[in-house]
Amino acid sequence: MGEAAEGQGLEGEFARHEVGAAGRLAAQTAWKRTRDAADLVHRLPATLAELSAGRISPLQAAHLAEAVR
């Protein structure tokens with residue numbers, strides 16, 4: 001999450017709170033979802049493609065991201 005947030009001028013702890021507020025999520029939930037998203041984009045593009053096509057669920061994609069982390 002840090003990389004994406006820093007690109008927007010946010011740092012660490014502030015970023016997760018900003019993302020959480022914008023998405024009406026708890027800071028921890030926002031951090032986890034953003035971390036999973038970054039992993040899907042940078043490390044698991046084939047999984048992201050499967051998610052985008054509706055062949056796997058967001059929960060399945062999150063589990064895969066967690067497994068490779």
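1. Asp-36 has a relative accessibility of 7% and therefore counts as buried, the cut-off being under 20%. The model is predicted, and this value is computed from it.

2. Asp-36 belongs to helix 3. Apart from residues within four places in sequence, Asp-36 contacts Ala-62, Ala-65 and Arg-69. Two residues of that list, Ala-62 and Ala-65, are also among the buried residues of helix 5.

3. Helix 3 covers residues 27-42, 16 residues in all. From first to last C-alpha, helix 3 reaches 22 Å, close to the 22 Å expected at 1.5 Å a residue. Its buried residues include charged side chains as listed by name: Arg-35, Asp-36 and Asp-39. Ala-27, Ala-30, Thr-34 and Leu-40 complete the buried set of helix 3.

4. Which residues of helix 5 are buried? In helix 5 (residues 58-68), they are Ala-61, Ala-62 and Ala-65. Viewed down the helix axis, these buried residues fall within an arc of 100 degrees, so they line one face of helix 5. Leu-59, His-63 and Ala-67 are exposed on the other side.

5. The buried residues of helix 5 pack against helix 3 and also against helix 4 (45-52).

6. The largest nonpolar core has five residues: Leu-40, Leu-44, Ile-56, Ala-61 and Ala-65. Of these, Leu-40 is also listed among the buried residues of helix 3, while Ala-61 and Ala-65 are listed among those of helix 5.

7. Ile-56, a member of that core, touches Thr-47, Glu-50, Leu-51, Ala-61 and Leu-64, with residues up to four places away in sequence left out.

Conventions
Residues are numbered from 1 along each chain as its sequence is written. This is a predicted model: local features need pLDDT of at least 70, side-chain atom pairs count only at pLDDT 80 or more; totals for chains, interfaces and linings use all residues. Side-chain values use heavy atoms; hydrogens and water are left out. A nonpolar core is a set of buried Ala, Val, Leu, Ile, Met, Phe, Trp, Tyr and Cys residues joined through side-chain atoms within 4.5 Å. Buried means under 20% relative accessible area, exposed over 50%, partly exposed in between (1.4 Å probe, protein chains only). Contact means heavy atoms within 4.5 Å. Helices (H or I, at least four residues) and strands (E, at least two) are DSSP runs, numbered from the N terminus. The expected span of a helix is 1.5 Å times one less than its number of residues. The arc is that of the directions from the helix axis to the C-beta atoms.
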